[in-house]
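User: Please examine one part of this structure closely and describe its surroundings in a single connected account. I should like the local contacts first, then the wider packing.

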Amino acid sequence: MNESVVKAVYDGLNFLIVMSGVLYFIPFLLLYYPYYVALIFSLVNFIICLFKKLGKIQNNRFYYQKFFFDENFQYSITIILFLFISPKSFFVLSLIIYALLPLSYAIYAYTKTPIQLKELIQTKIVDNNGTILIFIASYSEIMVIFELVFGLFQGIIHVIPLFLYYQFLKYKYVKSYHTRLVFQAIREKLDPIFYSQHSPEMIKMVYTKIKTELYNRAMSIVEIVPQNNEQNQ
């Protein structure tokens, strides 16, 4: 498919994701279908990005390894999971932000864009490479886990999404520098709460286990990277 056509489809889907998300968050409308529309368009976008990045399907172990561990695939699987459970506002907020970033760059590059809008995009997004928005998206992704924990009180079916999303967060912790920084900031806020003298020992144990596992996974990746770099040199 022509590169310009793919780009146009990509930008169009990002626009639809943002608009659907805005409709979902308008309180007096009380609409739920825009949430699922945003998820479906996001799923299509991540699939497009996945195959654009990896190219044609190849029947070898190296290709499948890249395929299954690619961020676009991980997001696609996670979106499919959320299509079958009740809406989680923080998750769709992160998808809106990830759609807004490339859409903003596309608007900025468009020659007929009003100068006021261009200046706003440049100062808030282009000049800092979207760092602020990425941090907000990372916060939103982490807050989803709390939405799912509260969902446990709604029925046993929420245990499976909670477990699967926890695996996704571990993946993000390893892959994303922004996610690790957000976790660190949240940890600094939570440590005094969970390690207080009033906190039950079981809660302390679970909290410590989660922290330790995330840290060990991240450090195992960090230790591998320098070795690979030395081999490449």
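Analyst: In this predicted model, a polar atom of the Ser20 side chain lies 2.7 Å from the backbone oxygen of Leu16. Ser20 is part of helix α1. Its relative accessibility is 9%, and because buried means under 20%, Ser20 counts as buried. Leaving aside neighbours within four places in sequence, Ser20 is in contact with Pro34, Val37, Ala38 and Phe41. These four contact residues of Ser20 fall within the range of α2, residues 33–54.

The helix that carries Ser20 can be considered next. Helix α1 covers residues 3–25, and at 1.5 Å a residue its 23 residues should span 33 Å; the C-alpha atoms at its ends are 33 Å apart, so expectation and model agree. Besides Ser20, the buried residues of α1 include Val6, Asp11, Leu13, Asn14, Ile17, Val18, Gly21 and Tyr24.

The wider packing is described by the largest nonpolar core, which has 27 residues. Those with the most contacts inside this core are Leu39, Ile79, Phe82, Phe91, Leu148 and Tyr165. At least two core residues are supplied by each of α2 (33–54), α4 (71–82), α5 (89–109), α7 (131–151), α8 (159–175) and α9 (177–194). Helix α8 gives the largest share, six residues.

Phe82 illustrates how these parts meet. Not counting residues up to four places away in sequence, Phe82 touches Tyr35, Tyr36, Leu39, Lys88, Phe91, Val144, Leu148 and Tyr165. Among these partners of Phe82, Leu39, Phe91, Leu148 and Tyr165 are also listed with the most contacts inside the core.

Methods
Residues are numbered from 1 along each chain as its sequence is written. This is a predicted model: local features need pLDDT of at least 70, side-chain atom pairs count only at pLDDT 80 or more; totals for chains, interfaces and linings use all residues. Side-chain values use heavy atoms; hydrogens and water are left out. Helices (H or I, at least four residues) and strands (E, at least two) are DSSP runs, numbered from the N terminus. The expected span of a helix is 1.5 Å times one less than its number of residues. Buried means under 20% relative accessible area, exposed over 50%, partly exposed in between (1.4 Å probe, protein chains only). A nonpolar core is a set of buried Ala, Val, Leu, Ile, Met, Phe, Trp, Tyr and Cys residues joined through side-chain atoms within 4.5 Å. Contact means heavy atoms within 4.5 Å. A polar contact is a pair of N or O atoms within 3.5 Å; within protein, one must be able to donate a hydrogen and the other to accept it, and residues adjacent in sequence count only if both atoms are side-chain atoms.
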